[in-house]
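Shall we get to know a protein model by asking it some simple questions? Have the sequence and the 3D view ready.

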Amino acid sequence: NRAYAAAHCTEGPWGKSGRLLWVYNHALTCPRDANGKTCADILIDELVTQFASGGMLEKFDGIAFDVLFHALGNPDARGRAPDADADGIADSGIVGGDNVYGRGVIEFCRQLRARLGDARLILADGQSAHNQRAFGILNGIEAEGWPHLRDARVDDWSGGLNRQTFWKANARAPQFSYVNHKFQTDNGDFNSHAQFPYATHRLVFAGAVFTDSAICYSLLPPTEKDELVGVWDELWMGQARKLGWLGQPLAPAVHLAEKQNNLLADWTITDLRAHLRGDVDVVLENDVLKISASTGDKLRFALTLPTHGEDLLVVFTARALGDIARLVQIHFGSDEPSAFWVNQHAFKFYHYRGDVRANPVELNFTVEGNAPFWLERLAAYAFPDVMYREFENGLVLANPSLHAFTFDLPTLFPNQVWQRLRGSPQQDPHTNDGSLVQGALTLSLIHISE
């Protein structure tokens, strides 16, 4: 003789023309129907049927899930949190301290992969700390907004690179990730014709090709007379309109900072330990710091590092125990944290800021979970994280710093002469003017006001 009205879990509506979206109950504790099936079981059955011979999705190469989260998040405005096991007690997908929702999302992806096989691509959003963590199951991610949706200043340059490259290293073969170029306004709206500096667009495109990511776009350039939809000059060599014009990459992208003086070159692992503070237990293992939590369910610690000017790029290798990839957030001082993931495989990460104002400065780490975390090969460079990558038919250079930087092309590429692409008159003909570049090349700052 009791009744219980469960909270309805929704997303959106996003923007003025958006609609309310229902959230699937992917939790491992999801109730089962009369046939013993969960919400995930039924959704998988439907998708497999649609991809099968004669199904409406038969001709498609795969599927990309637009919103697939690792956590359900906070209660709604009315204070009503999700009840993932329908026991009448709100739990937000956390049961007995375990994220049964996030684990359920991974299991959903695993079962869908088993049913669809390796012939289909399966992707999902992966640009933020809240997205799914189905590493080794999905072929890659969509970065819906790069570095993320609300970063039109491209402040999280390093985070964008870290997330894309980590997914590349931990995706199921064949690896395929892409950047959907778009930015969101503070009120959540999106305008496909919003105005940003052309250098901002180019910096996003550079981040994509540095990480072997494909590019699509929701931010539209002006259209030419013969176009229904505008095409960015950089994507088809401007007026030449040659798709795939860059050709294959000749080598991985290069961080020029790593060719400079390492501020920590004289540090030993003991010196590194002496500059670490936090409520953690630290053990020296050869040239590696093994860091464990003294208390709590997270590792929180800081490294005090020297600086020389406002540019600072920190490079380190990390790995961690855990049956699910763990979230790491790092930042200098009071900066916004940059998020990425770490697992049992050692991986090289970068963290750059061009507005460091303290000397020394603290690099703060927050690592999800209290299992051990290993840190090694730490280096620091008082240099902007300017990068380049050479391709068969071209060169891509990027300057994410707050000031202009000049690339010494004759030194980097002796006996080579470069030519700018010739762009359309409606976009940026001042930069893409088709001129020869025989000496140094200066890239100016791209940051815009809030």
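What follows is a short conversation about this predicted model.

Student: Which strand holds asparagine 364?
Tutor: Let's look along the chain for the run of residues that includes asparagine 364. That run covers residues 361–368. The strand is β19.

Student: Is asparagine 364 buried or exposed?
Tutor: We can judge this by relative accessibility, where buried means under 20%. The value for asparagine 364 is 15%, so this residue counts as buried. Beyond its neighbours within four places in sequence, asparagine 364 is in contact with several residues, including Phe301, Gln329 and His331. Asparagine 364 is therefore, by its 15% relative accessibility, buried.

Student: How many residues of β19 are buried?
Tutor: β19 has eight residues in total, and it is largely enclosed by the rest of the structure. That description rests on the count of buried residues, which is six.

Student: How many bridges pair β14 with β19?
Tutor: Strand β14 spans residues 298–305 and runs antiparallel to β19. One of the bridges sets leucine 299 against valine 367 in β19. Valine 328 also stands opposite valine 367, and β16 (residues 326–332) is joined to β19 by five bridges. For β14 and β19, the number of bridges is eight.

Student: Which residue is joined to proline 360 by a cis peptide bond?
Tutor: Proline 360 sits in the loop between β18 (347–353) and β19. The cis bond there has an omega of about 0°. The partner of proline 360 in this bond is asparagine 359.

Student: Which element gives the most to the lining of the second largest pocket?
Tutor: This pocket holds about 1400 Å³ of space. Of the 48 residues that line it, those closest to the centre are Glu234, Trp245, Leu395, Val396 and Leu421. Among the elements that give two or more residues to the lining are β9 (214–217), β22 (395–398) and α4 (198–210). With six residues, the element that gives the most is α4.

Student: How many residues in that lining are nonpolar?
Tutor: We can sort the lining of the second largest pocket by class. There are 15 polar and six charged residues. The nonpolar residues number 27.

Student: What is the phi of alanine 86?
Tutor: Alanine 86 lies in the loop between β3 (62–65) and β4 (94–95). With a relative accessible area of 46%, alanine 86 is partly exposed. Although this residue is not a glycine, its phi is positive, at about 55°.

Methods: Residues numbered from 1 in each chain as written. Predicted model: local features only at pLDDT ≥ 70, side-chain atom pairs only at ≥ 80, totals over all residues. Heavy atoms only, no water. Helix = DSSP H or I, 4+ residues; strand = E, 2+ residues; numbered from the N terminus. Buried < 20%, exposed > 50% of the residue type's maximum accessible area, 1.4 Å probe, protein only. Contact = heavy atoms within 4.5 Å. 1 Å grid on protein atoms, 1.4 Å probe; cavity = no way out; pocket = protein on both sides within 12 Å on 5 of 7 lines; lining within 4 Å. Points joined across faces, edges and corners; volume = space filled by probe spheres on them. Nonpolar A, V, L, I, M, F, W, Y, C, P; charged D, E, K, R; others polar. Pairing = 2+ DSSP bridges.
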